[in-house]
Amino acid sequence: MSDVNPTLLLMLALFALAALIVWGLAIYVAGGLARRGRRPLWRWVLPAILPGPFLAGAAYLARCYRRCVIFWTLAQAASIAGVIAAAVIFLPGVLGIYVALDLLLLLAGLVVAFVPVLVLAALGPRPGPRVEAARDEPLIQAHGLHKSYNLGGRRLRVLRGVSLSIRRGEFVAVFGASGSGKSTLLHLLGLLDTADAGAVVLDGADTATFRPAERNHIRCQEIGFVLQFYHLLPELNVLENMLLPAMTSVGAWRWCGSRRAARQRAREILAKLGLADRVTHRPRQLSGGEQQRVAIARALMNSPKILLADEPTGNLDSRTGGQIMKLLKQLNQETEQTIIMVTHDQAVAHMATRMLHLRDGKLVAAGRDSLGE
Amino acid sequence: MYKLFLCLRYLQRRYLALIAVAAVALCVAMVLIVVSVYDGFLSKVERAAKGLFGDIIVEASSLSAIGRYDEFIAELTGECRVDADFRLTEVKPAGDDSALVFLAAGRPHHAEALAGKLDFEKAVTHPARGLLYKGGRLLGEVHGQLVISPARRNPETDELKYGLRLSGKLSKPAAELTDPADPVHLQAVYARLGEGLDQVESATPVIFAYSLLRVGEDFTKDVQVYGVRLPERAAVTDFEAGLFVQPGWADASFNPPPEEVIKQASGHLKEVRKIRAREEAKPAKDQDRDLLDRLESAEANLNAMVARLRSLRELHPWQRRLTVLRGQLRAEQAGPTGQSDAGRIQALKEQIAILDEFVKNALEDNSSSGIPIRKMRMELLKELRLAADQRDQGKIDRLKDDIQGARGRLYGLYHGRDRRMILGLGIPGLSFRTPKAESVRRVCPGWEVALVVAPIGQEGLSTTITPNVRSFIVADDAKTDVYSIDSATVYVPFAALQELTDMTERRDIDDPRKVTPARCSQIHVKVKDAFASGRKLIDARKAVQAAWRKFHRVHPEAVDARWPIIIHTWRERLSKFIGPVQKQRTLVTIMFGIISFVSVLLIFAIFYMIVMQKIRDIGVVRAVGGSAPGIAQMFLAYGAATGVAGSILGLTGGYFFVRYINEIEDWLAWWSGFRVWERDVFLFDKIPNEVDPGVALVIAVWAIASGLVGALIPAVRASVMEPAEAIKYE
């Protein structure tokens, strides 16, 4: 032992100390999240109290990725076995050896937890089979959606039983005043959020039964978002922003094969929207209208069934806004793209084929349109 | 794919993270430099210790305590060095090899040790080997048998004499050994008495004394004197690595070949001239006058010495005479064998003279009887030529003796084997260092010096102790990298110092059984590589201790019971010095480790900020289908990438800093006048500048892990955000 470099042992000890501190913080964070009621506490804390400190964090992350439950179990077992072995075999010098073994377990746990995660991520997600409803069935339906928020200790009820039914090829505008919950409705329809009560039925399938991976997949492949503030990533240029949905659906390995096809498609869409000469520009170099067009192009990248637009013209002047609306109408008429739009501007709402009015958390029919139940 | 893509893109574009990278790089470089210098220092100490005294040291508190050292070494290595004046008596060719026979007049103490007792009737035989040297280099080893014949008392002198005879084979042609122009001499003979200890590879005795060194008329310095056996010492330590004339020679001796001495000395002279030219090339106000003065005097000394060495070889009258004698010998040996007869030659010459007269008269007379006479004359001339051409064996023998004598005189001046000294490089006054750390010698090999040694082996307390003085010729100089040793040590042959310190054997004239054995101060032992460290080295030391206890019981006269023998490993001997350094290293590493923890917190803060800045973008990625763990993985990868980038930068910067740390320190000293690394305090000339790749790897792993740790909580925070909230975030 006298020849083992004490510096090394010392650095290992320091690292173990750091890991312990972070481990403690991780438990605290987990506890905080459990208190917010998202998951039962034991599912958060149990991984955290494993003997190998920090293995907890790694195991948790592995556990998030459901297919790695088996690896998570193996990592737990290895950690416990390792510590017992260390104590039994190296009883005299247990302190020094324990520290060294701890680091080893930690690294092993990280590798064991992350390697399959990384491998599977490289391959890409594989969602379950989807059932396609018949063409004349409604594409998306909402049944009695309720949603409320916590605001400073008080519960604010935003949606109080919203129901609607939308068919393929419809261009629906949901019109309502600011704060009436139209964005909330859009998020529920786009599976970005879950309702407190009620159901969202997509193509005949109840989205409440979907697992997170499936929801992600649907958001990627079948739903396109266009948002008020364009929401383009500033570090990426136009083409890369376009490719984001394509990259989300495949892993790094498969990307090599599908890259060229994706680029081709992106350029086509950009050309169709008149942005062919803006391909390498960054968002900050584009005008508002051009950015919104890029957002629309990005939403169309994976040929989604539904295009959800949240105040698409809210940040634009009337002329540019008119251009965007013309574009949306063109999309709807030429390609039968189903579009659901929310807006507070009545003029804009009238440009849709169907208008719904959201007031006091409930949908009321407005004028010529019906709720389509 | 989006995770990898975004991670790399953020690494390129998010300049905030570069601060984190810089923090990691700085911490990595800091820890690497500190750990490397400390580790390097300790490994230098280890190397220096092994270079100074091998792995295990046997010593006593008194400098003149250890007796019967050769016999004890035989217990350790299995071989006992036979201390006797062997003479080459016969050389016989044996195939490609040659067989040699030596004869030696044995001195009693070795004979009894090798035979086992003082009075023995039958001759004792041991396998033995002898080291033959020729022209200053090892020619080869003779492997054969050493025969010790029983004692015979010389009737005239009443002296007890033993016969030691070594006969064995050497794989070199016989002609090489019998060339009178370049004779061989026997450097050492080792008799194999047993197997020795498994762990021990070699051992050598050392005498350690203090003395005054006198150079020229007026230079006196107190120095430590080491009496060592070469090339034995080269096998135990790496003494030969630091030599000037014989660098790295495994067969280094106190008598390097004169050609090598001249070569190195003139090479050094050229270097000194270059340094002087460089200093003179500087503008006048930048010149260091003091340095130039010293360089000039060193150059003058070296010049004179090189010239003298050359002249000794080329123009010395003995050398000239030797050349002439060799020519004569060659001429004499070239003729056909036979015994030349001076009388016969004279008679033939007279006969030829008479016939010449006849021929002359016959030509004048024009008588036909000239032809048979001429024929006779020609035959006589032929006979005369033959007689004159024949080798005169007597003359050949005389010439050989003359040559031997001339060589003896010449080599007596050159090669007085017991009168050679190796200086430590760095004795103040005999050499100095330029500001650029080049060594300049003012005294080079060939110089004559004198040593004044106190006879510490003398028995009894005497009120008048007369020191022994002897002159030596400098043969070489040695550098061990340890400043305190190099600046105050000289090395002389073991036997010479033993005589000077009066530590030779003393035997009662009337009763040869009463003997005070020859003594030495220390025994340095080298263990085999497999046992060279840790637990195994301590076990080896215990084996040596056990061997000593056994030996002492058999030979109680080997050491005085009042002065106990201490046997310890190099590490134990230096523990007082190493211990504090190790503790310092541990402490400094802890401190730097704690400071480096700051980088983890910095990464945490920066990444948290980045996550806060990117909340909306996270929402967008979720909206296009990114998963929550995917977001977390992206940020964790980002953290790891920060660690990777930081560790690469830090390791590179740290490596170059350590590698050129001496140059940096020189520049710093030049710029600010503040020298950080004091040679006297820190023992070595140079700051250790090696980086251990294992340490670098550990530091890199730690840096990457700290990136992960720092980014963990922000990553989790990013992933658990609700996409709807994230999108709405402003």
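In this predicted model, Ile456(B) sits in the loop of chain B that runs between β15 (448-453) and β16 (468-478). Its relative accessibility is 32%, and Ile456(B) is therefore classed as partly exposed. Together with Leu63(B) and Tyr210(B), Ile456(B) makes a nonpolar surface patch of about 250 Å².

Beneath the surface, the largest nonpolar core holds 195 residues, of which Leu213(B), Leu451(B), Ile523(B) and Phe635(B) touch the most other members. Helix α2 (residues 15-53) of chain B supplies the largest share of this core, with 19 residues. Apart from this core lies another, of 34 residues, which includes Leu159(A), Val162(A), Leu192(A) and Phe225(A). When neighbours within four places in sequence are left aside, the contacts of Phe635(B) are Phe607(B), Ile610(B), Val611(B), Ile618(B), Ala711(B), Ala715(B) and Ala718(B).

In chain A, Lys147(A) belongs to strand β1 (residues 140-151). Because its relative accessible area is 9%, Lys147(A) counts as buried. Its side chain makes a polar contact of 3.4 Å with the side chain of Asp193(A), and, beyond neighbours within four places in sequence, the residues in contact with Lys147(A) include Leu156(A), Val158(A), Leu159(A), Thr184(A) and Asp196(A).

Side chains of opposite charge can pair when their charged atoms come close. Over all chains the count comes to 30 salt bridges, and three of these pairs are set out below.

| Salt bridge | N to O distance |
|---|---|
| Arg354(A) with Glu170(A) | 3.0 Å |
| Glu311(A) with Lys182(A) | 3.6 Å |
| Lys263(B) with Glu260(B) | 3.8 Å |

Arg354(A) is in strand β9 (residues 354-359) of chain A, whereas Glu170(A) is in the loop between β2 (154-166) and β3 (171-175) of chain A, so their salt bridge ties together parts that are 184 residues apart in sequence. Arg354(A) is buried, with a relative accessible area of 7%, and Glu170(A), at 17%, is buried as well.

The salt bridge between Glu311(A) and Lys182(A) likewise links distant parts of the chain, since Glu311(A) lies in the loop between β7 (306-310) and α11 (318-335) of chain A and Lys182(A) in helix α6 (residues 182-189) of chain A, 129 residues apart. Both Glu311(A) and Lys182(A) are buried.

Lys263(B) and Glu260(B) are three residues apart in helix α7 (residues 258-281) of chain B, which means that about one helical turn separates them. Lys263(B) is exposed, with a relative accessible area of 52%. Elsewhere, salt bridges that share partners join Arg168(A), Asp203(A), Glu222(A) and Lys305(A) into one network.

Notes. Residues numbered from 1 in each chain as written. Chains lettered and ligands numbered in written order. Predicted model: local features only at pLDDT ≥ 70, side-chain atom pairs only at ≥ 80, totals over all residues. Heavy atoms only, no water. Patch = residues over 30% accessible without salt bridge, like charges linked within 9 Å, V, L, I, M, F, W, Y side chains within 5 Å. Areas by Shrake-Rupley, 256 points an atom, 1.4 Å probe, with all protein chains shown as cover. Salt bridge = Lys/Arg side-chain N within 4 Å of Asp/Glu carboxyl O. Helix = DSSP H or I, 4+ residues; strand = E, 2+ residues; numbered from the N terminus. Buried < 20%, exposed > 50% of the residue type's maximum accessible area, 1.4 Å probe, protein only. Polar contact = N/O pair within 3.5 Å; in protein donor to acceptor, adjacent residues only side chain to side chain. Contact = heavy atoms within 4.5 Å. Core = buried A, V, L, I, M, F, W, Y, C linked by side-chain atoms within 4.5 Å.
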